[in-house]
Amino acid sequence: MSWKRWSLKRSPWVFHVNTGACNNCDIEVVDCLTPRFDVERFGIKLVGSPRHADALLVTGGVTRQAAPRLIRAYQQAPKPCVVFAIGACACDLGIFHSGYHMVGPVDKIIREVDPHAIIAYVPGCPPKPEAMISGVVRALAAL
Amino acid sequence: MKVTMQKPVLPVGPVHPLQEEMEYFQLTVDGEIVTDIDVRLSYNHRGIEQISETLQFDQVPFLVSRICGICSASHPLAYVQAVEELAQITPPERALYVRTIINELERIHSHILWVGLAGHFIGYETVFMWAWKYREPVLDLLEAITGNRNNYGNVKVGGCREDIDPELVPEMLKALDPIAQKMEMLTKAVLDDPILHARLKGVGILSKADAIRYAVTGPTARASGVPIDVRRDDPYAMYGDLDWNVITQEEGDVFAKAVVRLLETLEAVKIVRQALQQLPGGPVAVEVREIPPGQGVGHVEAPRGETFHYVRSDGGNRPVRHKARAPSYVNVPSFKASCIGQKMSDVMITLAAVDPCYSCTERIAVVDARHGKVLYTYEDLLRRSREETERIRERFV
């Protein structure tokens with residue numbers, strides 16, 4: 001394991017990108033920060049810029065307008081960077097799979113610019129905060 | 001002074017974690033004062049109305065509950081009411097009570113969520129953490145009824161999908177007491193706080209005339225002294241039979257909007273308690289065999305205002321036209337009236353005050369009226385908003 005990957009496993013800072021979600025995954029992501037779940041205890045922190053992030057939390061299937069912005073956010077994040085596809089829409093577009101304004105799930109868009117990107121999936125509509133925390137823990141253990 | 005908008009600036013970088021969805025606001029400023037505002041939408045356009053026309057009548061509620069995760073009880077209810085009007089279906093009384101309970105619990109969680117976010121925008125993190133902490137028991141109740149914290153998927157044409165377990169009712173009534181107590185505490189804490197008074201009063205005023213002119217709905221209208229509420233004006237579910245009040249304030253500023261929302265949560269607790277106490281027995285859904293040709297409309301008072309659905313059927317098993325209009329769509333243009341002439345540091349909270357649903361004021365670029373160049377990013381605005389609160393706080397300490 002390179003020291004870069006090892007460093008990712010300690011208190012990951014995450015950045016949240018909404019690429020066309022319905023707000024649900026987003027409020028559950030924020031919910032992880034608030035007193036009942038309080039992930040900041042573990043050093044997991046939401047940061048305001050992808051340049052500070054170790055991981056991107058992407059919610060929502062990617063719409064035509066959001067795709068270039070997601071790619072830019074990914075390119076700005078320092079590598080290695082873990083991308084978490086949070087929720088059914090981000091994993092495989094979910095109920096919006098036939099929408100004319102959707103360009104694809106998150107992994108497809110990210111893999112177009114970086115075929116070796118590390119992508120983790122947290123399914124659910126919306127995933128419960130417990131599921132998100134478990135997803136982050138398991139992804140970090142697998143690194 | 002005309003602004004040359006040769007380069008739309010879309011900073012994906014400064015997305016704040018609390019900003020939920022993509023939206024682009026372009027403010028034109030003269031020094032410290034905002035002179036114009038431009039809003040761009042459709043980052044989140046998913047083509048829901050088109051997808052809806054490819055689904056069967058019974059599948060559409062699952063889709064429309066995902067229009068907005070926070071209004072995920074109101075949209076399906078409006079759709080289902082439209083289909084029930086079309087097909088002349090009367091759902092059983094118990095289903096109407098269950099719908100009322102779920103919609104009011106949703107209103108509590110949505111309003112408290114807003115109070116927390118408003119606290120965050122002005123740099124009052126205590127309000128944010130408190131509000132979200134006290135919101136959790138409400139989500140637990142929703143989970144107990146529907147099996148999910150959000151996206152309940154509980155309403156269907158002809159009734160409800162899940163019934164409230166009769167054994168749960170006494171426990172739910174018991175769980176309502178601490179919720180009501182905490183809501184009262186939060187309301188008093190906000191109303192008594194001299195810093196919040198100084199920070200929010202007189203900020204982002206939407207006058208009654210402007211509220212009517214922009215046809216705003218929901219708490220945004222009620223805070224400006226326009227007493228409209230679908231629950232009272234055209235009662236659906238069981239609202240006509242329960243005892244509750246429409247909350248209005250006259251001032252139209254951000255403080256009035258906060259007061260309306262906080263007092264509405266207390267009314268919502270009252271409604272849920274009455275509905276649980278009066279919950280009748282009987283089935284929770286009637287069987288629906290086919291949807292005849294025709295058209296129907298349904299409207300529901302969502303936490304942010306009136307949501308409206310129109311459905312047309314040609315007698316097949318899919319709607320041939322489904323139109324949804326969400327409350328934020330009429331509330332967002334009122335920024336033109338409430339933001340222009342404001343100080344930069346007040347813009348953030350003014351934009352947040354209508355609780356835009358598709359959009360929590362995410363993309364902001366400030367253009368200097370004289371040079372047409374971008375001055376501030378979203379983060380600068382948030383920082384300025386917090387500095388203003390800090391200055392006020394120092395005056396009181």
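Select B:Gln88, which sits in the loop between α3 and α4 of chain B; helices (H or I, at least four residues) and strands (E, at least two) are DSSP runs, numbered from the N terminus. B:Gln88 is not a glycine, yet its phi is positive, at about 55 degrees. The residue counts as exposed, at 69% relative accessibility, where exposed means over 50% relative accessible area, buried under 20%, and partly exposed in between (1.4 Å probe, protein chains only). Most residues other than glycine have a negative phi, and most peptide bonds are trans.

This is a predicted model, in which local features need pLDDT of at least 70 and side-chain atom pairs count only at pLDDT 80 or more, whereas totals for chains, interfaces and linings use all residues. Residues are numbered from 1 along each chain as its sequence is written, chains are lettered from A and ligands numbered from 1 in the order in which they are written, and side-chain values use heavy atoms, with hydrogens and water left out.

Next, select B:Val80 in helix α3 (residues 74-87) of chain B. B:Val80 is buried, with a relative accessible area of 0%. Add B:Pro61 to the selection: the two residues are 19 apart in sequence, and their C-alpha atoms are 7.3 Å apart in space.

Then display the largest nonpolar core, in which B:Ile101 and B:Leu105, of 102 residues, touch the most other members. Such a core is a set of buried Ala, Val, Leu, Ile, Met, Phe, Trp, Tyr and Cys residues joined through side-chain atoms within 4.5 Å. Helix α4 (residues 93-121) of chain B supplies the largest share of this core, 15 residues. At least three residues of the core come from each of domain 1 (24-44 + 330-396) and domain 2 (48-205 + 230-250 + 262-326) of chain B; the domain bounds come from an automatic or database domain assignment.

Remain in chain B for the second largest pocket, with a volume of about 240 Å³. On a 1 Å grid over the protein atoms alone, a pocket is an open set of points with protein on both sides within 12 Å along at least five of seven lines, a cavity is a set where a 1.4 Å probe fits but cannot get out, and lining residues have an atom within 4 Å of a point. Grid points are joined across faces, edges and corners, and a volume is the space filled by probe spheres set on the points. Of the 13 lining residues of this pocket, B:Phe57, B:Asp58, B:Val288, B:Arg289 and B:Ile291 lie nearest its centre. The lining has five nonpolar, three polar and five charged residues; Ala, Val, Leu, Ile, Met, Phe, Trp, Tyr, Cys and Pro count as nonpolar, Asp, Glu, Lys and Arg as charged, and the others, Gly among them, as polar.

Move to chain A for the largest cavity, of about 150 Å³. Its lining residues include A:Val14, A:Cys32, A:Leu57 and A:Met132. By class, the lining has 12 nonpolar, no polar and no charged residues.

Two cis peptide bonds may be inspected next. One joins A:Lys79 and A:Pro80, with omega about 0 degrees, and A:Pro80 is in the loop between α3 (67-76) and β5 (82-86) of chain A. The other runs from A:Cys125 to A:Pro126, with omega near -15 degrees.

Finish at A:Asn23, in the loop between β1 (13-18) and α2 (24-31) of chain A. A:Asn23 has a positive phi of about 85 degrees although it is not a glycine, and at 0% relative accessibility A:Asn23 counts as buried.
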